[in-house]
Amino acid sequence: YYLMSFNVDQVYLHLISEICGWIYFFAWSISFYPQIFINYKRKSVVGLSLDFIALNITGFVCYFTSLVVNKSNGDDNIHIQDLFFAGHALFCCLVTGFQCLIYEKGTQDVSIVVRTLLVLIWGAIIVNIYLFSSNQETIEMFAKQLGLYKVGISFSKYLPQVYLNYKRKSTVGWSIENVLLDFTGGVFSLIQLFVDEIQTGWDGNLIPKLLLSLESLAFDVIFFGQVLIVLFLII
């Protein structure tokens, strides 16, 4: 009886995990499109931090590579939704980056600080590829490092957008729909992690996903606050 009950519980937990995984996948994936549409409609990226976009592209290169390596090494806690999301996010970031090249951007540009940071990050990645490509164990270590790079980059990428909104005293050009969907994705990503932890125990390879979810939620709250402050000033 207890064995049957345990199996039933596992089935339900797996189902909940899958449902949460697909909700977070669609919420986080769709969150890229309002910004792409706004850029296209305005034929302008004024109000969108170019530092944010430059860091986002590098961050998702790191994250997608990390997930692919971990999944290919047999980590079952890396879900197919994780791979689809990271790959799709990288594609959307590249599309947005292309828009930044062809649309009006006013006086905005990628800052010297971010340019320097990106050179350092890519330099470290190239060095680590040389150092860690010798055997399976070091490759896994490199994949974990890439995941942590993504966490650090994600923290850094939000700061320019927060500052730009504050400096302009406006959120025009920055999609609030993106923030709403990002917040939704963060919530369901955390729920999936919690359910997976109950099922199989904690997996260290999921630390980047956990930290990314928490980062998203924290900065989304800040963005919500900025939008409300702007509305209050208008009223």
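In helix 2 (residues 33–42) of this predicted model, the buried residues include Pro34, Gln35, Ile36, Ile38 and Asn39, where buried denotes a relative accessible area under 20%, exposed over 50% and partly exposed in between, for a 1.4 Å probe and protein chains only. Helices (H or I, at least four residues) and strands (E, at least two) are DSSP runs numbered from the N terminus. Lys43, which follows helix 2, has a positive phi near 50 degrees. Residues are numbered from 1 along each chain as its sequence is written, and side-chain values use heavy atoms, with hydrogens and water left out. Because the model is predicted, local features need pLDDT of at least 70 and side-chain atom pairs count only at pLDDT 80 or more, whereas totals for chains, interfaces and linings use all residues.

Two helix 2 residues, Gln35 and Asn39, recur among the contacts of Leu48 (heavy atoms within 4.5 Å), which also touches Ile53, Thr96, Cys100, Gln108, Gln161, Leu164, Gly173 and Trp174, not counting residues up to four places away in sequence. Leu48 and Phe223 touch the most other members of the largest nonpolar core, which has 25 residues; such a core is a set of buried Ala, Val, Leu, Ile, Met, Phe, Trp, Tyr and Cys residues joined through side-chain atoms within 4.5 Å. Helix 3, helix 5 (112–132), helix 6 and helix 8 each supply at least two residues of this core, with helix 3 giving the most, six residues. A second, separate core comprises 20 residues, among them Phe25, Phe32, Leu90 and Cys92.

Gln81, in helix 4, is buried, with a relative accessible area of 0%. A polar atom of the Gln81 side chain lies 3.4 Å from the backbone oxygen of Glu18. Leaving aside neighbours within four places in sequence, Gln81 is in contact with Glu18, Gly21, Trp22, Tyr24, Phe25 and Gln192.

Internal space was evaluated on a 1 Å grid over the protein atoms alone: a cavity is a set of points where a 1.4 Å probe fits but cannot get out, a pocket is an open set with protein on both sides within 12 Å along at least five of seven lines, and lining residues have an atom within 4 Å of a point. Grid points are joined across faces, edges and corners, and a volume is the space filled by probe spheres set on the points. The structure holds one cavity of 30 Å³ or more. The largest cavity has a volume of about 370 Å³, and of its 28 lining residues Phe32, Asn56, Lys157, Tyr158 and Asp182 are the closest to its centre. The largest share of this lining, six residues, comes from helix 8. By class, the cavity lining divides into 15 nonpolar, seven polar and six charged residues, with Ala, Val, Leu, Ile, Met, Phe, Trp, Tyr, Cys and Pro counted as nonpolar, Asp, Glu, Lys and Arg as charged, and the others, Gly among them, as polar.

The largest pocket contains about 230 Å³ of space. Its lining includes Leu48, Asp109 and Leu164, and helix 6 contributes the largest share, four residues. The second largest pocket, of about 190 Å³, has Leu50, Ile53, Cys100 and Asp109 among its lining residues. Helix 4 supplies the largest share of that lining, five residues, and the classes there are nine nonpolar, one polar and two charged.

Conventions
Polar contact = N/O pair within 3.5 Å; in protein donor to acceptor, adjacent residues only side chain to side chain.
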